[in-house]
Amino acid sequence: MIRLNNVVATYTTVRGQVNAVDGVTLTIPDGKIVGVAGESGCGKTTLMKVIYGDLIYPLALRQGSVDYEIDSMSGKPITTRNIKDYWFKHISYIPQSSMSSLNPVVRIRTQFVDFLPAGQRTNNTLEEIRNYVQSLDLPPEAIDAYPHQLSGGMRQRIMVAMGTFFRPEIILADEPTTALDVVVQKGILLLLMDIQAKMNNTIILVSHDMGVHYQITHKMLIMYAAKVVEFGDSEDVFASPWHPYTRMLIESLPTIGDDRMHTGIAGRPPSLWEDLHGCRFAPRCPLATELCRAEEPTFLELKPEHFVACHYAEKAFQNR
Amino acid sequence: MKMNIRLKIGLVILAIFTLGSLILPFFMKVDPSRQGSYPKNLPPSLEHPLGTNSLGQSIFWFLVIAIRNSLLLGVSVSCVTTLAAGITGLVAGYVGGWLDRVLTALMDTFIAIPAFPILIVLSTLVRGQTSFWLVGVILVFFGWPWSARTVRSMALTIREREFISMARFSGASTLQVVFQEVFPYVYTLLVVAFIDAILWVTTTEAALAVIGLSKVEVPTLGSIIFWALSYNALFTKQYTWVLAPVVATVILFLGIFLTSTGYNHMYATRRGHS
Amino acid sequence: MTTILKTNKLNKVYRLGGLFNRIRIDALDDVNLTIESDEPVIISIVGESGSGKTTLAKVLLRLVKPTSGSAHVYDRLIVGEGEKPSNREFFNSIQPIFQNPFEAFSSYRTVDAYLFETAVRVAKLSKTDAVDAMAEALRLVGLDYRDVRGKYPNQFSGGELQRVSVARALIPHPDIIIADEPVSMIDASLRMNVINLFLSLKEEFRRSFLYITHDLATAYYISDYIAVMYRGCIVEFGDARTILADPKHPYTQLLLDSIPEIGRKWDAERTALSDIEAKEYQYTGCRFCNRCPMSEDKCKAERPPATRTTDGRDIYCHFA
């Protein structure tokens, strides 16, 4: 379980400081695929960095904390400060672009082995790696190649293999398939689902593609302007979204066979540099009232395990 | 236009140097390059702010004239080389084809020819007869191709970007594309080239002074160093004589650098924020 | 009937590599398309990366010269042997919209500078008429000239900037606008604003569009015709709804199966990997034979010709 307690993550720039994640409190449960959705500038990548513990200047955790409860390490308190010690073994990260994450002049098997601290490498390590790669239905010869000799899809699968070799309890994937073709994307996402089913770990997947979230996630987290606006079971969120932003976003997407008109959302997300008060979605929300503009809605659990930050949703829920 | 602190400091320094070197000479009582005007090797005092050197010249006034001459030479040579570099680089990079090949060959030739040996040969031919401006011309010939190549590479990259296609579909002719679209991206390179050139001119001129090609009787920042070295100023502990031009060069460079980056910074932050 | 678009044996060959290792890539291989209509139409060219769709757009925009073949747009020969229109005539008839709205404008210039130049240099309007034309074009895309004047690209969102691009393209009243992935870099909630704009421009203002994309859902939403491309060849072409509702070519079927759509879960069978992309370009037979479940020797040997089926589509498959 990962507990985020009022996390505020700030970037320091020439222009000043900006809160890319502005007060997020929630608990990510074990053994599920959690999707983080939102548009550019909403803070999802920053949130990933906070969860992974990759907080180097100019990014800093200004307020709040993150507590990790990893089963195999029970008893020790794990927070943002020491999460680094658990990288690769208990928490790993699959980056977006495999080509820029792999050293182009080194064979993949060497890079794979490099993951292990020197003391833990044995003669068997390479063979273990090969066996693991094969168990994922990938050709074990692939790791003998140089990165550029493999196609983009194959490389990304190898990245997935590298990231899951140690059977970490938490896997973070930031847009792992964005740069890939739709056919290849399906393969990789199915691979991730398989791994999660077998290892029963937690996968946190960031994507701007709501379709991807629909296909593989168990829980959904929607972010808007550095805040979380909705968090619940994917089925619920897609079937009946409570937050107007979630609803309008899902409704704007066309599907094949659907001949209805779809409209986008007018306006654009607020600049985080401005003085923001009230609900950040209010300027674009058709249901906004004075209350929405004045007061920021609290992130409430309207249904068990389903959280929404919206005054209107709260009232609608109470009146139903 | 809100100026940032860099720009302000830079402009102040430049103003002091430029105005100082242009106005102060009106207050000179004697021609500073005339030797023996004052007693030799006097320490700094009210009458001689930086003291005098072994030739009996007032270091301070010599420095003022030297700065003026160095600035004049540096700025005029830099203007010409930067202009030449800009135009040839832009045209070669954007237009391409045979024009690019010809211009690149020209640039490469001048880069490959080592300037110094040529200058040595020239010095033996024209020993002592050079005018100050001939030095400038020679420096232009060897100075222009370096930044031209950088400008050309930048132009080559910009050529492939989408807004160039957009400009063409908006009806821009090749010339209009080069100057309205490509040039702004090259502008920073040219400012840097300009500064580099001023520095290069000053140091090369000093080096030329040492081998006797430049007219060392003409006060420049380089020739002060020449004379100071000839008279072993470091050994005779006449630190003011050596330090004065060095410190002056450093501050001058700082002034130019701060002005140019400060201006760029101001322009960049202003762009796109109402 | 006007010939909206007609390509005849359009070919583009790229040769990569050094002296000893030349690879030949047929980015466009014998592309034949004919669309005739009296009404304005939206034609979608759909495919994955490497399919040739962007090359096709570049050839039609005369940014790239084809190796052989010809193309007609609105009854005019624009590429190939014969008399072609001058740049001025060409720009008045065909205008582009590029994928990345932030790249389409120089960050050193205001965006209205481009609109003004298009009005004065391409449409040959006087300075006062140009301002009216700009205001009108911006109004058509839902923007106010006063909000656009004097602003730089970084002051707009992706969606707004793309609409400015559309406005610029509209100024010379072109017959057809060629849009290369116009919405793939725009956030999901703003995408439909631009897509709906294309529809309204077609219906109310009688402009045709050539829409290049990898997103089948938006292609379904707005197209009249669709051409599916794979590795430089057209595999299926015809009426958009007919093809997408009932795809006959195995590749089209594969594509439709792989899209992550909301409302329809994937069936989790793995799809064949394509790891030898460069080789696929050099097949003398059908490019898809390596991954096709139905492929036989005939497919490897011979390029399938176009078969016109009963429902009016062209399909390039030996088993049509």
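## Exercises on strand β7 of chain C and its surroundings

In this model, F209(C) in β8(C) is the bridge partner of I177(C). The structure is a predicted model, and the exercises below concern chain C and the chains that touch it.

**Exercise 1.** Determine which strands pair with β7(C), and in what direction they run.

*Solution.* Begin with strand β6 of chain C, residues 94-97: 4 bridges join this strand to β7(C), and the two run parallel. Within this pairing, I94(C) stands opposite I176(C). Next, take strand β8 of chain C, residues 208-213, which is joined to β7(C) by 5 bridges and also runs parallel to it. The pair I177(C) and F209(C) belongs to this second pairing. Finally, consider the connection: β7(C), helix α7 of chain C (residues 188-205) and β8(C) make a right-handed β-α-β unit.

**Exercise 2.** Explain why strand β7 of chain C is described as largely enclosed by the rest of the structure.

*Solution.* A residue is buried if 20 or more other C-beta atoms lie within 10 Å of its own. Consider one side of the strand: I176(C), I178(C) and D180(C) are buried there. On the other side, I177(C) and A179(C) are buried, and both faces are thus covered. Because 5 of the 5 residues of the strand, 176-180, are buried, β7(C) is largely enclosed by the rest of the structure.

**Exercise 3.** Decide whether L170(C) is buried or exposed, and identify the residues that it touches beyond four places in sequence.

*Solution.* First locate the residue: L170(C) lies in helix α6 of chain C, residues 158-170. L170(C) has 22 C-beta neighbours inside 10 Å, and therefore counts as buried. When residues up to four places away in sequence are not counted, L170(C) touches A137(C) and L140(C). L140(C) is 30 residues apart from L170(C) along the chain, yet their C-alpha atoms are separated by 9.0 Å.

**Exercise 4.** State how many residues each chain gives to the contact between chains A and C and to the contact between chains B and C.

*Solution.* For the first contact, chain A gives 34 residues and chain C gives 38 residues. On the side of chain A, the elements with two or more residues are α5 (152-164), α6 (182-199), α7 (210-216) and α9 (244-252). That side divides into 16 nonpolar, 13 polar and 5 charged residues.

For the second contact, 13 residues come from chain B and 20 residues from chain C. On the side of chain B, α6 (162-169) and α7 (174-210) each give two or more residues. The largest share, 5 residues, comes from α6(B). By type, the side of chain B comprises 5 nonpolar, 4 polar and 4 charged residues.

Methods: Residues are numbered from 1 along each chain as its sequence is written. Chains are lettered from A and ligands numbered from 1 in the order in which they are written. This is a predicted model: local features need pLDDT of at least 70, side-chain atom pairs count only at pLDDT 80 or more; totals for chains, interfaces and linings use all residues. A residue is buried if 20 or more other C-beta atoms lie within 10 Å of its own, exposed if 12 or fewer, and partly exposed in between; C-beta atoms are placed from the backbone. Two strands pair if DSSP finds at least two bridges between them. A crossover is right-handed if, with the strands pointing away from the viewer, the path from the first strand over the helix to the second runs clockwise. Two residues are in contact if their C-beta atoms, placed from the backbone, lie within 7 Å. Ala, Val, Leu, Ile, Met, Phe, Trp, Tyr, Cys and Pro count as nonpolar, Asp, Glu, Lys and Arg as charged, and the others, Gly among them, as polar.
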